[in-house]
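Colleague: Could you walk me through a few labels on this one? I'd like to hear the reasoning behind each.

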Amino acid sequence: MSDPSDDAPDPTDGDDVPDPVPADEPTAGEEVSADTDAARHEYDPDAEHAFPDERLNEVLARLESDEEVVAYLEAQNVNPVARKGYNDHGAKHVEIVRDRALRLYDLLKSGGVEFNGARQQGLDEADEPVIVALAATLHDIGHVVHRHDHPYYSIPLAADLLDDLLPTFYGVADRVRVKAEVLHAILCHHTEEQPLTLEAGVVRIADGLDMERGRSRVPYEEGGRGINTVSSQAIERVSLREGDETPVQVVIRMNNAAGVYQVDSLLKAKIEGSLLEDRIRTVAINTHSDGRDGNGSIVDRIEL
């Protein structure tokens, strides 16, 4: 069992950082101003979605009021933050990951992507977002045991919680199948285990999208000046929107070209092997690349 990001990536391993796109491509300002969906991060149960959402909304209401789930989301932050000096892995992280997972799922559904996890289990389309939301909510609870190999510890803990939650919404056969898909997505979010379903791929990528300033999954090194420290403070905003050539475009605004290290060493690794590589286009923009702040034009805009 291994935990790929427990050890910081090698800062010398940057040979495959994409070259800047040609100057005739849209400028940073043009790309960002066109991002009309930038503020649409939080999942709104009352909004219209490209998928059936009634069952999801019922499950979310139960999750948010479940005392044991709430307690786990608080307790899971102690080992990574207080004892290991990592960044937040508690309730706020879970909220961000779940919101972005559902946003990503919504965009993919709107783009005509057919998901395979629930379908191959004989479940309904309405169960797809339930699987995504449950896995996003419970993916990090293994931190209550230890930071290292936490996805493996999350499995039995999440299984117990699901045994309490799912009977409200499913009969025996369907709750076994939903539980199986949720546990698969949890396991694959942060290990070498590769997702076998698009639902799991969505959760894996969403976990990496919690990377705005001070929240990067590659941790800030207190008092340090290395690439991890600089790059973890460089990401200003992560936005998900409909793409022109792909169902999803991820737009990442940076205040320093060092943010490319976060994108290339973390998010790229999350997307690779997610089964969604061909459906997501990532654009990283250095929003201070006009030479007025000393950054010059090291990186204006790169694509993954």
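Modeller: Sure, let's begin with the second largest pocket, which is lined by E42, Y43, P45, N57, L60, A61, E64, E95, R98, D99 and L102. Two elements, α2 (54-65) and α5 (91-110), give two or more residues each to that lining. Helices here are DSSP runs of H or I with at least four residues, strands are runs of E with at least two, and both are numbered from the N terminus. Keep in mind that this is a predicted model, where local features need pLDDT of at least 70 and side-chain atom pairs count only at pLDDT 80 or more, while totals for chains, interfaces and linings use all residues. Residues are numbered from 1 along each chain as its sequence is written, and side-chain values use heavy atoms, with hydrogens and water left out.

Colleague: What makes a residue part of the lining of the second largest pocket?

Modeller: A lining residue has an atom within 4 Å of a pocket point; on a 1 Å grid over the protein atoms alone, a pocket is an open set with protein on both sides within 12 Å along at least five of seven lines. By class, this lining holds 5 nonpolar, 1 polar and 5 charged residues. Nonpolar covers Ala, Val, Leu, Ile, Met, Phe, Trp, Tyr, Cys and Pro, charged covers Asp, Glu, Lys and Arg, and the others, Gly among them, are polar.

Colleague: Why is D149 called buried?

Modeller: Buried means under 20% relative accessible area, exposed means over 50%, and partly exposed is in between (1.4 Å probe, protein chains only). D149 has 15% relative accessibility, so D149 counts as buried. D149 is in the loop between α7 and α8, and its phi is near 60 degrees, a positive value in a residue other than glycine.

Colleague: And why is L275 called partly exposed?

Modeller: Its relative accessible area is 36%, so L275 is partly exposed. L275 lies in the loop between α12 (259-271) and β3 (280-286), and has a positive phi of about 75 degrees although it is not a glycine.

Colleague: What about P156, in helix α8 (residues 150-165)?

Modeller: P156 has a relative accessible area of 45%, so P156 is partly exposed.

Colleague: How do you know that α7 is mostly covered?

Modeller: Just count: 12 of its 12 residues are buried. Helix α7 (residues 127-138) reaches 16 Å from its first C-alpha to its last, close to the 16 Å expected at 1.5 Å a residue. That expected span is 1.5 Å times one less than the number of residues.

Key:
On a 1 Å grid over the protein atoms alone, a cavity is a set of points where a 1.4 Å probe fits but cannot get out, and a pocket is an open set with protein on both sides within 12 Å along at least five of seven lines; lining residues have an atom within 4 Å of a point.
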